[in-house]
Amino acid sequence: MTTLTTAPALADRHTSSANRTVEVADNLTIREAFSHDPQLMADVLDSQYLAKRLTPEDSLADLRRIAYSLTIHIHHPITDYQDLLQLKGVVNRLVIRNQTNLSGANLKLILGMFPVDDAANPNWMLNNIDALALVNDGLDNTDFATIVAFLKSIPKPVDAPTPADFDWTAISSLNLSNNNITDLSLVKQIYQFDNPKTNQVNFFTAWGQHHPSAKRLPTTTVTDHTIAIDPKVTQEYQLDKLNRYTTNSLFFNFSRKSSFYYRIFQDDLDGTETLASDDPEKIVDGVTTLPDEGVYPAYGSRNLTVDGHLLGNGRFYNSLSYAFPEFQPLAEPEDMDKLSDLYTNAGFTLTEPLSSDTYVVKVPDGADTVRFRTMYLNMYSAAQTGYTQDYEIPLKWTSSSSSSSSSSGSSSSSSSGSSSSSSSSGGGGGITPKGAAVYGLKKIGLYNDTHFTKKARLHFYRKQPRINRPMFRVTGYAKSPQGRLRYLVKDVNHHSKTAGKTGYITASPKYVGPVYYRQVAKTITVINPQGINAYRKKNLTGKVTHYRQGQMIKVKRLVSHNLTTRYVLPNGRYITANKKLIRNGCHPQAKRIVTKHGVNRYRDRNLRHRQRHYRRGTVLTVTGWDYSDSGKLRYRVKGGGYVTGNRELVRVVK
C-alpha cells in the first residue's frame, strides 16, 4: 500500500486538517477510492475504450494498471480534487474541462500527478507528459506561469536516446484553450524561437482566451483615419519567421509565411477561436474551427480586378478595415513586391497597388484605441501549435483628423456621444473581468445552470429604464452545452428581494453591458434622481460638491479605480462614471409640463397616496424625474410629489 500526503485542495470539503492522507491500496475498489466524488469516478471510468470495461466494483489496482494507456477525460465539476491522487504516477494523458475551481492550489495538485523525474522508473519515456488539456477552467496569467515553471523543472532523462529525428520534450501536447490568460509571452520559455531543439513542448494551443484586457503597444498617430501596425513587435510574428514553406495558389507558386494572421478585434467575445469538437483526442490535438471559419490565406485586394471582376477573396491585403472581422495573413514587403510583379506579368489590372506595409483603415472618429488580434497557427498532421494574443494601440489624432471628426457631427460632443451609445449598448471592451459589474439591457433571466431552461430559471428581470437596470457582479465564467459564454454572477441590487442571489446570466452584449463608462466624453449629464457628489479623492471620499439631477458637468478625462472608472473634472475633483447615475453628453431635461387632462399628484413614484388634483391646462414646474417599479416615467414637480409622464396626459413645454 502507498500513502500520499498532500496539501489540501481548494475544493476539499471533507476534512479540516492541514493535510489529507490518500491511501492507494490494492484492496480498495474503485468506488471506495473515489468515495468523495462519484461523478469524478464516472468520468474516469467513461475514459475507457476497451471492450471489457472496468466497473466501480473492480479494484483500484486494475484501474491503475491501464490508466497510462487512457486519455482521462473529466468534464463534470470536480468537488474533491484529492480523489484524483488515486491515479498519481500513472496518468499520462489528461483532459479537464469546464471547472470553476481549478485555478491556484488545485492546479498544482494536478501537475503533481504526472510521473516525471521518477528515478525509480526504468522506462525513460514515462519521464515526460504525453498530453495535458486544461480547457475552459478559468486559468489566468499566474496559472500559466505555474505551468511554464513546472515544465521547465522537468529534466531530460540522462538515458534518453537522441537520434537525429527525435527531440525529447517535457510534454508532447499542451492545450490551454478558452481560459482567461491575457499574456502568453511566457510561451517563449518553453517553445524556443531560435532553437526548436530546446523546446519543452511539441504542440501548444491556446485558442479563444476570454480577454478582459490586451497588451498595450506604443501610442500611434491617426492620419486620415488610418494607422500603421508594426507586426515585428509581436512574438507571433517572430515565431512565424521560423516556419516558412512553399505554398501553391491558383495562379502562382512561391515561398511565403502561412502561419501568422491578424485581424481587428472589437467587441466580439471569443471571436471564432473555438475548439472544433468535444472529443478528448481532438481536444488534445487542439483542433480548432479557425482554418475553415476565419482565415483567408489567399492574396487579394478589394480593388484588385480582372475585367471588372474581383480577384481572390476580394479583400485588402495588409490593410485591415476597422469593421472587417476575419483573420488575414500578413505579408512582408518583398512578398508584396513579388506579388505585384506576378499580377502585372499575368495581365491583371491593379486599380490600387498592393500595400507592403500593414495598416488599419477606416478608424472611426474619436476612437481612443484600436485593438487587434494576432494568431499563430502551425499545423502538423492533426496536431497543431497555435494561439491568439490581443494587442491594444492607444491613438493620437492629428489636427486634420480631429477637424474631420468634429465636422462629421453636429457638435464637438458628437464622437463622445457615439462612444457613449456604443458603451451603453453593451459593447466596448469584450468580456467583463471578474469582480466588475454588468447590468441588464433587456429582459434577462438568472439560472442555476449554464443550460438555460424554464426549470433552471431562478428569476426573470424585466427590461428597465437605465437608472433602474438590474446590476450584477461577475464572479466567474462558464459555457453552455452549445458553447455560449455565461457569466457566473451575484445579484447586487441592494434594495431588491433578489439581492445576494447567485447564478448564471447570458454574456451576450445584446443583453448585458458594463455598468461603468470606458470611453471619455467632454460633458456628462446627471441622471440619478438623488444627484451625485464630487470628491477630492479617486476612491470617492472627501465630498466637496453636490450636483443635482439634470445638471451638465464638463469633464477632463476618464481614470480607472480598481474595476470601476471615474471622471476627473477640470478642477481635479472626481465623480462617478456609473451609467446608472450619469450619461455621457448633454441631455436637457423638461422644465415645465402642461396637463392635457385632469391628473393627480402623488407622494411616491408608484403613484400611491394622492396629494392633489390638477385640472386640464395646468402648467407645472418640473424639478426632476424618476420611474415606477414597472418602468413608467414620472415627473417630480414643484411643491413635492410625482405626476404621470404619460404623453397622453401631459405635454412638455419650453
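These are my notebook entries on salt bridges, a nonpolar core and some strand pairings in a predicted model.

**Entry 1: salt bridges**

I looked up the salt bridges and found that the structure holds 6 of them. I followed up three, among them the pair R31 and E57, whose side chains meet at 2.6 Å, N to O. I then asked which parts of the chain this pair ties together. R31 sits in helix 1 (residues 30-33), while E57 belongs to the loop between helix 2 (38-46) and helix 3 (60-67), so the salt bridge links parts that are 26 residues apart in sequence. I checked the accessibility of both ends. R31 has 43% relative accessibility and counts as partly exposed. E57, at 49%, also counts as partly exposed, because the exposed class begins only over 50%.

Next I took R53 and D46, whose side chains form a salt bridge with an N to O distance of 3.6 Å. That pair still qualifies because the cut-off is 4 Å. R53 is partly exposed at 39% relative accessibility, whereas D46 counts as exposed at 54%.

The third pair I noted is D62 with R65, where the closest N and O atoms are 2.1 Å apart. I looked up where the two residues lie: both are in helix 3, 3 residues apart, which is about one turn of the helix. Their accessibility classes are not alike: D62 is partly exposed at 26%, and R65 is exposed with a relative accessible area of 61%.

**Entry 2: nonpolar core**

I turned to the largest nonpolar core, which has 56 residues. Which members touch the most others? I found F34, L151, L174 and F204 in that role. I also looked up which element gives the largest share of this core, and it is helix 5 (residues 141-152), with 5 residues.

**Entry 3: the sheet around strand 29**

I looked at an open sheet of 3 strands and wrote down its order as 32-29-36, with antiparallel pairing. Its edge strands are strand 32 (552-554) and strand 36 (582-584), each of which pairs on one side only. Neighbouring strands in this sheet are turned against each other by 30° on average, direction ignored.

I then went through the partners of strand 29 (residues 523-526). With strand 36, strand 29 pairs in the antiparallel sense over 3 bridges. Here I noted T525 opposite R583 of strand 36. Strand 32 also runs antiparallel to strand 29, and 3 bridges join the two. On that side, T523 has K554 in strand 32 as its bridge partner.

Are the residues on the two faces of strand 29 buried or exposed? I found both faces covered: T523 and T525 point to one side, I524 and V526 to the other, and all are buried. Thus T525, noted above opposite R583, and T523, noted as the partner of K554, are among the buried residues of the strand.

**Entry 4: strands 38 and 39**

Last, I looked up strand 38 (residues 599-602). V599 and R601 point one way and N600 and Y602 the other way. All of these are buried, that is, under 20% relative accessible area. Strand 38 runs antiparallel to strand 39 (residues 610-614), and 4 bridges join them. I noted one facing pair here: N600 stands opposite H613 in strand 39.

Notes
Residues are numbered from 1 along each chain as its sequence is written. This is a predicted model: local features need pLDDT of at least 70, side-chain atom pairs count only at pLDDT 80 or more; totals for chains, interfaces and linings use all residues. Side-chain values use heavy atoms; hydrogens and water are left out. Buried means under 20% relative accessible area, exposed over 50%, partly exposed in between (1.4 Å probe, protein chains only). A nonpolar core is a set of buried Ala, Val, Leu, Ile, Met, Phe, Trp, Tyr and Cys residues joined through side-chain atoms within 4.5 Å. Two strands pair if DSSP finds at least two bridges between them. Axes are lines fitted to C-alpha atoms, for helices over the stretch in contact, and angles run from 0 to 180 degrees between N-to-C directions.
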